[in-house]
Amino acid sequence: MSTLKELLARKIEAHRPRIRRLRSAHADKKVGEVTVGQVIGGARGLRFLLSDISHLDADEGVRFRAKTIPELLAALPKVPGSDYPYVEGFWHFLLTGEVPTAEDALEVAADWRARSTVPGYVHEVLRALPPDTPPMTLLSTAVLAMQRESVFARKLREGIARDSTWEPMLEDASALLAKLPTIGAAIYRMKLGLEPVDPEPGSELDWGGSCARMMGIAPPYDDACRLHFILHSDQELGNVSAHAVHLVASGLADAYYALSAGLDGLAGPLHGSASEEVLRWLQRLVADLGGEAPTEDAVRDALWATLRRGQVIPGYGHAVLRATDPRYLALRELCLKHLPDDPLFKIVELVFRVAPEVLREHGRAKNPWPNVDAQSGVIHWHYGVRDCSFYPVLFGIGRALGTLASIVWDRALGLPIEWPSSLTTSMLEQLAEESSRGESR
Ligand code: AMX
């Protein structure tokens, strides 16, 4: 057994009594109330999911295992020669809540490297799809195509004890994570007409660095990948992709089915493909300027023109956050270090200065501040990733970390199949009337 798995087994044993006690002694305690607005408003603010992997505060942003992003980046062991941590160490941290040593990170790195080769049939499946198939569809298809490899599904068929299901879930999660950069890079290369490659034999490169290299991009893009994957890993459990993974796995579907579903959820423009929309929006602005230097006034006009067309400003707003996304700020720091003079980054900075005030004046968005996607695409663009439709793939690779860690814990804690109740419109109207009558009495 690896030291990570041993540590995780101990953590799970220590955690199980807490859940058993909550179930047996406190199951009827109230967490909150549900309003009609929440039922028809996307369950916003409804606290009904359990996740110890990450938590999102409206003002402070995400905390991974109780650490803010700056705390996390400071605590995790760094890749030698880099200011950024091993994603492998982050995986250890997400699973166990304990800050790993460099040796712990290297143990995961060696495990993932050993399983990083993607079965040949996956490349054949991808090649069989029409050339205009979007990269996100290719990623989700590749993950689903590998479902036949699932150890979890096989163990279930063989009749594994419920308490032990987290072990094959961890096995599948590790096997999948090991291959995701290889798959992502293969999709990127395929769109450029290049053959897929495996990580270089004998290479000591970490997961993030290896993804950059397989895409054919030199350092410091390695750092951009490391940071990007960590920041996109999770954002509590209610967001579309994380919830989809958790929901599908709650029916005891394996990690391949669950992650593929989560990636499908991530593909929408209000969620994971907003970074792609941001890049398109910036390019349209540059084209409209026809060589003129961008100014605050030009950006303001472009923002208003977008809003007047009834469209959203991509990369701005958030379902939960009510402040600038700290993930945006972490990526901005990387931009200021590595690409301060990039023309698109300069426009992103202009948008940052103008958009909050425009959105406030527009008066619809509850949060006028930028989210992670306002900043991420410009980094990939700078390093030569010109196919914006590929950006959500990079988001998806990162999102796999948090969501797969979550479903390992879901099985460890024996969480049941999810089924919140629905109401009809008439029932809601009746409830609303009864409540109004009660208030006027
Ligand atoms: N530009 C213009 N209008 C916006 C807006 C934006 N960036 N953000 C929200 N609004 C509008 C909504 O469309 C809604 O309009 P309506 O009253 O006509 O229906 C109104 O403001 C209230 O919405 P909200 O409660 O503030 O947001 P929400 O929780 O419904 O949606 C989100 C959140 C992210 C989908 C929304 O802010 C949005 O569409 N942003 C742009 C797309 C984007 O950046 N998505 C990425 C989010 C992060 C991620 O998942 N990667």
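A nonpolar patch joins nonpolar side chains (Val, Leu, Ile, Met, Phe, Trp, Tyr) within 5 Å, using residues with over 30% relative accessible area and no salt bridge, that is, no side-chain nitrogen of Lys or Arg within 4 Å of a carboxyl oxygen of Asp or Glu. Here, Val 34, Val 36, Val 39, Ile 40, Leu 423, Met 427 and Leu 431 make such a surface patch of about 620 Å², with areas from the Shrake-Rupley method and a 1.4 Å probe. Helix H2 (36–39) and helix H20 (425–440) are the elements giving two or more residues to the nonpolar patch; helices are DSSP runs (H or I) of at least four residues, numbered from the N terminus. Val 39 belongs to helix H2 and is partly exposed at 38% relative accessible area, the class between buried (under 20%) and exposed (over 50%).

The model is predicted, with local features needing pLDDT of at least 70 and side-chain atom pairs pLDDT 80 or more, while totals for chains, interfaces and linings use all residues. Residues are numbered from 1 along each chain, and side-chain values use heavy atoms, without hydrogens and water.

Now to the ligand. It is surrounded by 20 residues, counted when a heavy atom lies within 4 Å; His 271 and Gly 315 are among the closest. The table lists polar contacts (N or O pairs within 3.5 Å).

| Residue atom | Ligand atom | Distance |
|---|---|---|
| Tyr 316, backbone N or O | nitrogen | 2.7 Å |
| Lys 366, backbone N or O | oxygen | 2.7 Å |
| Asp 373, side-chain N or O | nitrogen | 2.6 Å |

Taken alone, the ligand exposes 890 Å², and the protein buries 76% of that.

Terms used: Polar contact = N/O pair within 3.5 Å; in protein donor to acceptor, adjacent residues only side chain to side chain. Patch = residues over 30% accessible without salt bridge, like charges linked within 9 Å, V, L, I, M, F, W, Y side chains within 5 Å. Buried < 20%, exposed > 50% of the residue type's maximum accessible area, 1.4 Å probe, protein only.
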